[in-house]
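Good morning, and thank you for making time for this presentation. Please look at the sequence and the structure as they appear.

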Amino acid sequence: MDLNNDDDRRDEAAKIIQRKWRETRKVVVVEGGPEDSAQQEKEKRERLVQDYRELTAMREKLLQENANFQRKLGHWYHEKKAQDAEKQPAPEQSLAEVESRYLQWLRRLREEREDVERTKKINVDSFDEYRSKLETHLHKANEVEAKFKEFKREKSEKAEFSRTGKTIPAKRLQQFDDEEREKSEEVRSVRISYIKTRNRMKKLTQQLKEKEKLTDGLHLIDFEQLKIENTTLNEKIEERNEDLLKLRKKATTTIHILTHVKEKLQFIQGENQALRKQLAKLEEELAEHRDRLTQVKRDRDVLVNDNVKMREKMPMVGAEDLLLDYEHRKKEIERLRSEVVALKNRHYELFVWIAKNTPQPE
């Protein structure tokens with residue numbers, strides 16, 4: 001009965017850990033602003049607080065069950081001692097002996113309570129320490145896995161086929177990522193099932209050993225039943241071993257793919273080195289052009305100063321409206337001068353005509 005309860009509690013704890021791992025695995029590192037990062041950090045903190053509350057509630061429940069079992073055990077010991085006392089006549093004791101035994105039991109009770117409190121404090125500290133270590137390891141594992149996925153994604157996007165020179169389509173890369181995620185979840189579930197089966201087998205083995213110690217021998221029916229259960233568990237273990245073999249083959253295939261990716265990475269690194277040399281050469285040319293640009297700027301400053309001086313001497317230079325008005329006035333002045341010359345000539349002609357046509361006085 002107690003072993004079954006322990007197994008249920010272990011299964012429940014394993015489920016909580018598995019759920020927590022899956023929730024943390026679902027957190028994907030994306031490029032975004034500080035608001036997205038803060039939102040993700042807030043959601044992660046809320047999930048951790050919720051998990052801590054669930055684990056604390058489970059711990060309180062287990063402590064209550066332990067206290068109930070201890071209470072029942074103490075009650076049973078008390079009844080047993082009372083029955084033994086009824087069967088055997090109690091020897092006559094003096095008041096001093098009774099008080100001495102009473103004080104001794106009180107001292108022992110105080111020591112036991114102190115041990116209980118000390119053990120409780122140690123368990124709480126250990127629980128907090130293990131919880132912090134678990135969160136740290138999960139955070140590091142998620143960071144490493146996210147960096148590895150980003151690195152693999154980046155290199156996969158840059159990878160090209162050796163014959164065609166084309167890159168892998170984004171849809172195909174997403175399909176690879178989905179297949180890898182599904183296989184990882186499958187491997188995790190199989191591992192958890194294997195661990196549960198192994199623990200159950202250990203528990204059954206321990207129960208069998210305890211029964212062998214407590215009793216002289218098992219009945220034939222129980223023995224056959226245990227053999228059947230053992231056979232069933234062995235079959236399950238064989239199935240899990242076959243699944244693990246398949247997964248190992250898949251892992252081998254993945255390793256080959258990674259080897260190919262590494263070769264591509266080396267090739268890309270060589271190209272990167274060549275591009276770096278080209279970049280250094282371009283930087284030298286850029287430095288030369290910068291020097292020439294500095295000289296040109298100096299010449300420009302000299303021309304600007306000359307232009308300012310010329311503008312001070314000739315204000316109309318550069319002013320299109322003033323130049324147009326000046327041209328217009330110049331043409332008007334030339335026209336008026338021509339008109340004045342023509343009028344003067346006309347006046348002279350008229351004056352001559354008048355002089356000729358005017359009679360002379362006698």
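I shall go from the whole chain to one helix, and then to a patch on its surface.

This is a predicted model, in which local features need pLDDT of at least 70 and side-chain atom pairs count only at pLDDT 80 or more, while totals for chains, interfaces and linings use all residues. Residues are numbered from 1 along each chain as its sequence is written, and side-chain values use heavy atoms, leaving out hydrogens and water.

The chain contains 6 helices and 0 strands; these are DSSP runs numbered from the N terminus, with H or I and at least four residues for helices, and E and at least two for strands. Of its 362 residues, 8% are buried, meaning under 20% relative accessible area, where exposed is over 50% and partly exposed lies in between (1.4 Å probe, protein chains only).

Let us turn to helix α3, which covers residues 95–158. Its 64 residues reach 93 Å from first C-alpha to last, close to the expected 94 Å, a span given by 1.5 Å times one less than the number of residues. Buried residues in α3 are L138, N142, K152, K155 and S156.

Which residues make the nonpolar surface patch of about 380 Å²? They are Y102, L103, L106 and L109. Such patches take residues with over 30% relative accessible area and no salt bridge, joining nonpolar side chains (Val, Leu, Ile, Met, Phe, Trp, Tyr) within 5 Å and like charges within 9 Å. A salt bridge is a side-chain nitrogen of Lys or Arg within 4 Å of a carboxyl oxygen of Asp or Glu. Areas come from the Shrake-Rupley method with a 1.4 Å probe; for residues, only the protein chains shown count as cover. L106 lies in α3 and counts as partly exposed because its relative accessibility is 33%.
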